Amino acid sequence: MRRLHAAALCAAFTWPRMGAAQDDDLTLDQALALARKRAPALLASQGRIDEARGRLLGASVLLRENPVLDGAGGRRAAGSGGSTEADLGVGQTFELGGQRTARIAGAEADIARAEASRDDAARRLLRDV
């Protein structure tokens with residue numbers, strides 16, 4: 001009797017129900033769109049592109065370092081009298097020989113590489129889908 005009940009219960013759970021047709025079938029276009037939208041590999045690739053664009057923004061800055069202002073002052077005592085002395089200095093580092101241009105070109109190449117990597121990842125993902 002127990003076996004009969006167990007078999008009936010198992011059949012009730014595994015038997016296809018009437019009217020339970022799959023209305024949520026996925027077309028190829030829908031599957032490809034979902035893959036483009038939600039794939040972790042593509043989201044990570046987009047993040048690498050944004051990171052490379054940030055490096056380009058940093059490389060495009062005209063002066064990499066801030067000007068340096070030095071100052072010193074004091075009283076000097078000498079024999080019977082004294083004097084007050086002050087020193088003031090301003091310094092700025094400039095890049096010579098196309099260093100900034102080379103940094104910008106390198107950052108632009110990083111962006112192009114990241115975009116190519118994203119396109120390759122998308123191609124592979126869509127192929128697998």
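Ser45 has a relative accessibility of 3% and therefore counts as buried, the cut-off for that class being under 20%. The residue belongs to helix H3. Leaving aside residues up to four places away in sequence, Ser45 touches Arg118 and Ala121. The model in which this is seen is a predicted one.

From this residue the view can be widened to the whole chain. The secondary structure of the protein consists of four helices and two strands, and along the sequence these elements follow the pattern α-α-α-β-β-α. The protein has 129 residues, of which 12% are buried. Taking the contacts between residues at least 6 apart in sequence, 60% join residues that are at least 24 apart. The exposed surface of the protein comes to about 10,700 Å², and carbon and sulfur atoms supply 57% of that area.

Helix H2 spans residues 28-38, and its buried residues are Ala31, Leu32 and Ala35. These residues lie on the same side of H2 because they cover an arc of only 100 degrees around the axis. Their packing partners are helix H3, residues 40-59, and helix H4, residues 99-128. The other side of H2 carries Asp29, Lys37 and Arg38, which are exposed.

The two strands come next. Strand S1 covers residues 68-78 and strand S2 covers residues 81-91; they run antiparallel and are joined by eleven bridges. Two residues separate S1 from S2 in the hairpin that they form, and Gly79 in the turn has a positive phi of about 55 degrees. The register of the pairing can be followed at individual positions. Ala72 stands opposite Asp87 in S2, and Gly74 has Glu85 in S2 as its bridge partner. How many of the eleven residues of S1 are buried? The number is zero, so S1 lies largely in the open.

Nonpolar side chains also appear on the surface. Leu62, Leu63, Phe94 and Leu96 form a nonpolar patch there, with about 470 Å² of accessible area together. One of these residues, Leu62, is located in the loop between H3 and S1. Leu62 counts as exposed because its relative accessible area is 62%, and the exposed class begins over 50%.

Charged side chains complete the description. The search of the whole structure finds eleven salt bridges. One of them links Glu51 with Arg55, with the closest N and O atoms 3.1 Å apart. Both residues lie in helix H3, where they are four residues apart, or about one turn of the helix. Glu51 has a relative accessible area of 47% and is partly exposed; Arg55 is likewise partly exposed, with a value of 36%.

A further salt bridge joins Asp119 to Arg118, and here the closest N and O atoms are 3.2 Å apart. Asp119 counts as partly exposed at 44% relative accessibility, and Arg118 counts as partly exposed at 24%. Arg118 is also one of the residues that buried Ser45 touches. This arginine thus has two roles in the present account, as a contact of Ser45 and as a salt-bridge partner of Asp119.

Arg123 and Asp120 form another salt bridge, with 2.5 Å between the closest N and O atoms. Because they are three residues apart in helix H4, Arg123 and Asp120 are separated by about one helical turn. Arg123 counts as partly exposed at 48% relative accessibility, as does Asp120 at 28%. Beyond these pairs, Asp50, Arg53 and Glu115 are linked in a network of salt bridges.

The elements described can now be placed side by side. Helix H2 directs its buried residues against H3 and H4, while Asp29, Lys37 and Arg38 on its other side are exposed. Ser45 of helix H3 touches Arg118 and Ala121. The hairpin of S1 and S2 includes a strand, S1, in which the number of buried residues is zero.

Technical notes: Residues are numbered from 1 along each chain as its sequence is written. This is a predicted model: local features need pLDDT of at least 70, side-chain atom pairs count only at pLDDT 80 or more; totals for chains, interfaces and linings use all residues. Side-chain values use heavy atoms; hydrogens and water are left out. Two strands pair if DSSP finds at least two bridges between them. Buried means under 20% relative accessible area, exposed over 50%, partly exposed in between (1.4 Å probe, protein chains only). The arc is that of the directions from the helix axis to the C-beta atoms. Contact means heavy atoms within 4.5 Å. Patches are made of residues with over 30% relative accessible area and no salt bridge: like charges are joined within 9 Å, nonpolar side chains (Val, Leu, Ile, Met, Phe, Trp, Tyr) within 5 Å. Accessible areas come from the Shrake-Rupley method with a 1.4 Å probe; for residues, only the protein chains shown count as cover. A salt bridge is a side-chain nitrogen of Lys or Arg within 4 Å of a carboxyl oxygen of Asp or Glu.
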